[in-house]
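Me: I would like a close look at one part of this model: the boundary between the two domains of the first chain. Please put that boundary in the context of the rest of the assembly.

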Amino acid sequence: MDERPITFAEAINEALKQSMMKDPEVILLGENVTSSWRPTTKGLLEEFGRERVRDTPISETAFIGAGIGASILSMRPVVELMLVDFGLVAMDQILNQLAKTHYMSGGAVKTPLTIRASYGGGTSSGATHSESLYSLFAHMPGIKVVVPSNPFDAKGLLLSCIRNDDPEIFMEHRLLYDLKGHVPAEDYVLPLGEAKVVQEGDDVTVFTIGRMVHEAIQAAQELKDKVSVEVIDARTVVPLDEKALISSIEKTGRLVVVDEDYERCGFCAEVTAIAANKAFEYLKAPILRVASPNVPIPYNPTLEKRYLPNRDKIVSAIKSVARYA
Amino acid sequence: MVEGAKVKNEKLLEIYRTMVRIRTFEKATRELIKKGVIPTRMGFYTGQEAVAAGVCAVLKETDQIGSTHRPLGHLIAKGCDLKKLMSEICGKETGFNKGKAGPYHIFDPSVGALGANGIVGGSVPMVLGYALAHQLRGDGGVAVAFFGEGASNQGGVLESMNLASVWNLPLIFVCENSSPDVQTMLGHKINYPQISVDKISSRALGFGMPGDTYEGWDVMKVYRAAFEAVERARSGSGPTLLEFKVHQLTGNIEGSLEFFEDESMWDPIRRFRRELMFKGALNEEEDRWIRTSEELKVKEAVEYAIGSPEPNVEEALRGVFVEE
Ligand SMILES: Cc1ncc(C[n+]2csc(CCOP(=O)(O)OP(=O)(O)O)c2C)c(N)n1
């Protein structure tokens, strides 16, 4: 395959472009999606025209609803949220309508919509501009939740989301947009629900997702002479790759779950529960969570740094569980 | 008050001073962003000063406002302390909200400045509640909801117009339409229109309240329209929708420090200064004095903010609930 290093944003752009080229029923809706300073959607208007690439009013309920409706008539809409926090304005459409319609209709109606949303802290943007929130969507049965950590996954997973018959929320960490990685130029899809072992190890499993994968890799590097750490990128919260989780715990016997979302009732809690239920006999140490505290995100950069999960917090969690023989 | 009635020179100069204060404060804020002292980007109000200053000149400290992602004009016009304001934007312990809010979430209840808001349209429904409290207490207070033309399309904003009208609340909806000629969003020329009518104020009819559109670069027009709407609200006659056309002078988010010459025709400060001088209400020397003294105040605020301590890092984890 023809591979070249491109950015996370360019990988997303390429997925959108290739899906729109192949399928005229793929459309893109969102605020300022045709703006030339937005790298993920750059050039799409010029190539596909304003009927398919349209700027919406600031009416998240209405344009997400429009996306759901068009998807019910089997179009393939991609709706963009500037930030995931803004999706909270449209919770009825996302959590009542989008998530439940397929089930409630007894399978008579499908909603193959993809919502793209950028997310994440680290830019001192304050409490309504920095959240992760994927656990909130994962909580509601009926939406697949996809959180890529690198350009290769971003492209393959997004193409998968767009072509898949189910609704997804596809989450893009704003600090990853400039990250470069090798990405095939061809069209390819990656399955939803398959985690990836990004670093093999024997002593401690670090199960994580999104931007935190990079912090976990750095933590593992830092400890490389002391603890052999296995880092697993879940890639999707729903479906969750339980097999990958359990088989890694079988090997290491110790688990640290790392996640940028709020700790309570979130990704960390879910992974921990699965491990406790299904890998209990392999566990040698308590399971530790490294997540955002159950507190809104502070504006001040020093406070935000204190607040966010990071390499140092992961290192100390790994050290704690490694102490158990 | 009717069109053409006399407004005292003192009041005019107070309004002018507020406009100069906002402009000066924002310029200093831009400089601090450039220097990296302020750790974020934010929305600015430059070019819209007449709206905040004209509307808030009619309000009392006991009235409330809800603001937006361009909050500095509204907050300053409502009387927020400049030192605490600059400290908050710099993320300092001495800020209104201990450095936890930042520019998009500042609240100063002491002067009724109930909130900058990071969610477009997010402040508007809450303003209903400020107005409801005044109505139920019978204290004659009013509340003002500031929002942009983009926000005017949020469900929550439209729902609020209906509720304010059916409950006959003492509330003034102030829509600042920053793209009155060409429809734009955050400076980007959008490829589909977001507004289907010429005047956003024409929506008032559908909600059963009065509404009209005014030139927001002419502060006397703003003041007069606001005066009438506030009188109406205070006397129990219900809400009004005011639309003010404005031009954001220095770009949307950060913009540059200087603005382009061809924008100056929309500059509300330049325009008002000329008017005041023509009236004989202001001369060159007085103008210089106003500018210098406002610059001094802003400089003091900047120094105060820079000299203020960082919040204790553990503050990051405190304050979710009242009782912890
Ligand atoms: C619910 C929500 N959607 C989107 C945004 C991102 N956003 C911030 S400002 C803005 C434009 C607001 O336009 P308008 O209300 O007209 O105010 P203006 O910027 O013109 O003053 C957008 C889309 C947001 N903050 N909140």
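Reply: What follows starts at the domain boundary, then moves out to the core, the chains and the ligand.

The model is predicted. Keep that in mind throughout.

Start with the division. Chain A splits into domain 1, residues 3–184, and domain 2, residues 196–322. Their centres, taken over C-alpha atoms, are 26 Å apart. The boundary itself brings 27 residues of domain 1 of chain A into contact with 23 residues of domain 2 of chain A.

Now the domain 1 side of chain A, where it touches domain 2. Four elements of chain A each supply at least two residues there: helix H5 (134–139), strand E6 (144–146), helix H6 (151–163) and strand E7 (168–173). H5(A) gives the largest share, four residues. By class, this side has 13 nonpolar, 11 polar and three charged residues.

One residue deserves a closer look. Lys144(A) lies in strand E6 of chain A. Is Lys144(A) buried or exposed? Lys144(A) is buried, because 22 other C-beta atoms lie within 10 Å, and the cut-off for buried is 20 or more. Beyond its neighbours within four places in sequence, Lys144(A) contacts Asp166(A), Pro167(A), Glu168(A), Leu192(A), Thr236(A), Val238(A) and Pro239(A). Domain 2 of chain A runs over 196–322, and the contact list of Lys144(A) includes Thr236(A), Val238(A) and Pro239(A).

Lys144(A) also leads to a helix. The C-alpha atoms of Lys144(A) and Ala99(A) are separated by 9.0 Å, with their positions 45 residues apart along the chain. Ala99(A) is one of the buried residues of helix H4 (residues 91–104) of chain A. The others are Gln93(A), Ile94(A), Gln97(A) and Leu98(A). An α-helix has 3.6 residues a turn, so residues three or four places apart point the same way. The buried residues of H4(A) pack against helix H3 (60–72) of chain A. After H4(A) comes Gly106(A), with a positive phi near 65°.

Next, the core. The largest nonpolar core has 182 residues. Those with the most contacts inside this core are Val206(A), Val256(A), Ile318(A), Leu171(B), Ile172(B) and Val174(B). Domain 1 and domain 2 of chain A both give residues to this core, so the core lies between them. In soluble globular proteins, nonpolar side chains tend to be buried together. Take Leu171(B) as an example from chain B. Leaving out residues up to four places away in sequence, Leu171(B) touches Val127(B), Leu128(B), Ala131(B), Val142(B), Ala143(B), Ala145(B), Ala164(B), Ala233(B) and Pro239(B). A second, separate core has five residues, among them Ile297(A), Leu303(A), Leu308(A) and Ala316(B).

Step back to chain A as a whole. Chain A has 11 helices and 14 strands. Its C-alpha atoms fill a box of roughly 60 × 45 × 45 Å along the principal axes. The radius of gyration of chain A is 19 Å, which agrees with the value near 20 Å for a compact globule of 325 residues. Buried residues make up 55% of chain A. Of the contacts in chain A with a separation of 6 or more, 80% join residues 24 or more positions apart.

Chain B can be set beside it. Chain B has 10 helices and seven strands. Its box is roughly 55 × 50 × 45 Å, again for C-alpha atoms along the principal axes. For 324 residues a compact globule would have a radius of gyration near 20 Å, and the 19 Å of chain B agrees. Buried residues account for 51% of chain B. Among its contacts between residues at least 6 apart in sequence, 76% join residues at least 24 apart.

The two chains meet. The contact takes 32 residues from chain B and 32 residues from chain A. On the side of chain B that touches chain A, 15 residues are nonpolar, 14 polar and three charged.

Last, the ligand. Residues from chains A and B surround the ligand, so the site is shared between chains. The ligand has 19 residues around it, and Phe86(A), Val120(B), Gly148(B), Gly150(B) and Ala151(B) come nearest. This shell divides into nine nonpolar, six polar and four charged residues.

Key
Residues are numbered from 1 along each chain as its sequence is written. Chains are lettered from A and ligands numbered from 1 in the order in which they are written. This is a predicted model: local features need pLDDT of at least 70, side-chain atom pairs count only at pLDDT 80 or more; totals for chains, interfaces and linings use all residues. Two residues are in contact if their C-beta atoms, placed from the backbone, lie within 7 Å. Ala, Val, Leu, Ile, Met, Phe, Trp, Tyr, Cys and Pro count as nonpolar, Asp, Glu, Lys and Arg as charged, and the others, Gly among them, as polar. A residue is near a molecule or strand if its C-beta atom, placed from the backbone, lies within 6 Å of it. The radius of gyration is taken over C-alpha atoms; the globule rule is 2.2 Å times the number of residues to the power 0.38. A residue is buried if 20 or more other C-beta atoms lie within 10 Å of its own, exposed if 12 or fewer, and partly exposed in between; C-beta atoms are placed from the backbone. Domain bounds come from an automatic or database domain assignment. A nonpolar core is a set of buried Ala, Val, Leu, Ile, Met, Phe, Trp, Tyr and Cys residues joined through C-beta atoms within 7 Å.
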